[in-house]
Amino acid sequence: MVEAFTPRRTSPLQGRSGPKAGITLTERPFIGKVNLRGDIDDAAFSRAARGVLGDDLPTAPNTTIEVGHNVIHWLGPDEWLIHTPEDGQARLAESLRAGVSGVHAAVTDVSDYYVVMRLSGPEARVVLAKGSPFDVHPRSFDVGACAQTRFANASILLRLVGEAPTFDIQVRWSFAPYLWDYLVDASREYEIP
């Protein structure tokens, strides 16, 4: 008798523990991620995106907007990344494809390509500064901002979520364990015995 195959979701960070205290590092597993490309100056594209997403796409560089349960990241003049709740990406991608049908645009589900980690705590900015040349000081990087940058040897998408400060760090799956270990090590001096 052949047993039925039951797929199982796993993450490259499954079973990893974060810093002991002072800094909190957690995975935000299985967030849906949809990449949208198109010409914001094309009225048909903008109207279709607004109709599906419920708001205009952000056009200011390095900004995000939250619409319902989705977060829309500006990645470039013609590119956005949309984070959805778990398992929301297929429905969103399908709706976007239908909405931009006949318009020069691209919709790609990139959920299996990236992992999102959340780093928070009073010294989170200092921990990030240990591995990235990007200026995360409040005068330069405020709540709602996002930026594509580097952390150590990994390309990341960084978003400031809250004042604690709290950051979401998106990285490729293949770099996730490396980045996790780096962040844990960079946080050691803030551990509370």
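Q: Which exposed residues does the face of α1 turned away from its buried side carry?
A: In this predicted model, helix α1 spans residues 43–53 and has buried residues that include Phe45 and Ala48. The face turned away from that buried side carries exposed residues. They are Arg47 and Gly51.

Q: Around how wide an arc of the axis do the buried residues of α1 lie?
A: The buried residues of this helix are Phe45, Ser46, Ala48, Ala49 and Leu53. They are on the same side of α1, because the arc they cover around the axis is only 165°. An α-helix has 3.6 residues a turn, so residues three or four places apart point the same way. The arc asked for is 165°.

Q: Which strands and which helix are included in what covers the buried residues of α1?
A: Helix α1 lies across β2, β3, β4, β5 and β6, and runs at about 160° to β2. Those strands also take part in covering the buried residues of α1, and a helix is included as well. The cover includes β2, β3, β4, β5, β6 and α2.

Q: Which backbone nitrogen does a side-chain oxygen of Asp42 reach at the start of α1?
A: Each end of the helix has a detail to look at. Just after α1, Gly54 takes a positive phi of about 90°. At the start of α1, the side-chain oxygen of Asp42 comes to within 2.9 Å of a backbone nitrogen, and that nitrogen belongs to Ala44.

Q: Which strands stand at the edges of the sheet with the order β3-β4-β5-β2-β6?
A: This is an open sheet of 5 strands with antiparallel pairing. An edge strand has a single partner strand, so one side of it is left without a neighbour in the sheet. The twist of this sheet averages 20° from one strand to the next. The edge strands are β3 and β6.

Q: What is the bridge partner of Gly32 in β5?
A: Strands β2 and β5 pair in the antiparallel sense over 6 bridges. Helix α2 packs on the sheet and touches β2, β5 and β6, with its direction at about 15° to that of β2. In β5, the residue bridged to Gly32 is Thr84.

Q: Which strands stand at the edges of the sheet with the order β1-β7-β10-β9-β8?
A: Here 5 strands form an open sheet, again with antiparallel pairing. Its twist averages 30° from one strand to the next. Two strands have a single partner each, so each has one side without a neighbour in the sheet. These are β1 and β8.

Q: Which residue in β10 stands opposite Met117?
A: Strands β7 and β10 pair in the antiparallel sense over 7 bridges. Within this pairing, Val116 stands opposite Gln170. Strand β10 is mostly covered, with 6 of its 7 residues buried. The residue opposite Met117 is Ile169.

Q: How many residues of the largest nonpolar core come from α4?
A: The largest nonpolar core has 28 residues, and those with the most contacts inside it are Met117, Leu119, Leu128 and Leu183. At least two residues of this core come from each of β7, α3, β8, β9, β10 and α4. Helix α4 supplies the largest share, which is 6 residues.

Q: About what angle does α4 make with β7?
A: Helix α4 spans residues 176–187. It lies across β1, β7, β8, β9 and β10. Leu119 has contacts that include Leu183, Leu128 and Ile169. The angle between α4 and β7 is about 10°.

Q: How many residues does the second, separate core have?
A: The second core is separate from the one discussed above. Its residues include Val34, Ala49, Leu57 and Trp74. Ala49 is also one of the buried residues of α1. The second core has 18 residues.

Q: Is Arg159 buried or exposed?
A: Arg159 is placed in strand β9. Among its contacts are Glu66, His73, Arg118 and Phe141. Buried means under 20% relative accessible area. At 7% relative accessibility, Arg159 therefore counts as buried.

Q: What is the bridge partner of Arg159 in β10?
A: Strands β9 and β10 form a hairpin with 3 residues between them. They pair in the antiparallel sense over 6 bridges. The partner of Arg159 in β10 is Asp168.

Key: Residues numbered from 1 in each chain as written. Predicted model: local features only at pLDDT ≥ 70, side-chain atom pairs only at ≥ 80, totals over all residues. Heavy atoms only, no water. Buried < 20%, exposed > 50% of the residue type's maximum accessible area, 1.4 Å probe, protein only. Helix = DSSP H or I, 4+ residues; strand = E, 2+ residues; numbered from the N terminus. Arc of directions from axis to C-beta. Contact = heavy atoms within 4.5 Å. Polar contact = N/O pair within 3.5 Å; in protein donor to acceptor, adjacent residues only side chain to side chain. Core = buried A, V, L, I, M, F, W, Y, C linked by side-chain atoms within 4.5 Å. Pairing = 2+ DSSP bridges. Axes fitted to C-alpha atoms, helices over the stretch in contact; angles between N-to-C directions.
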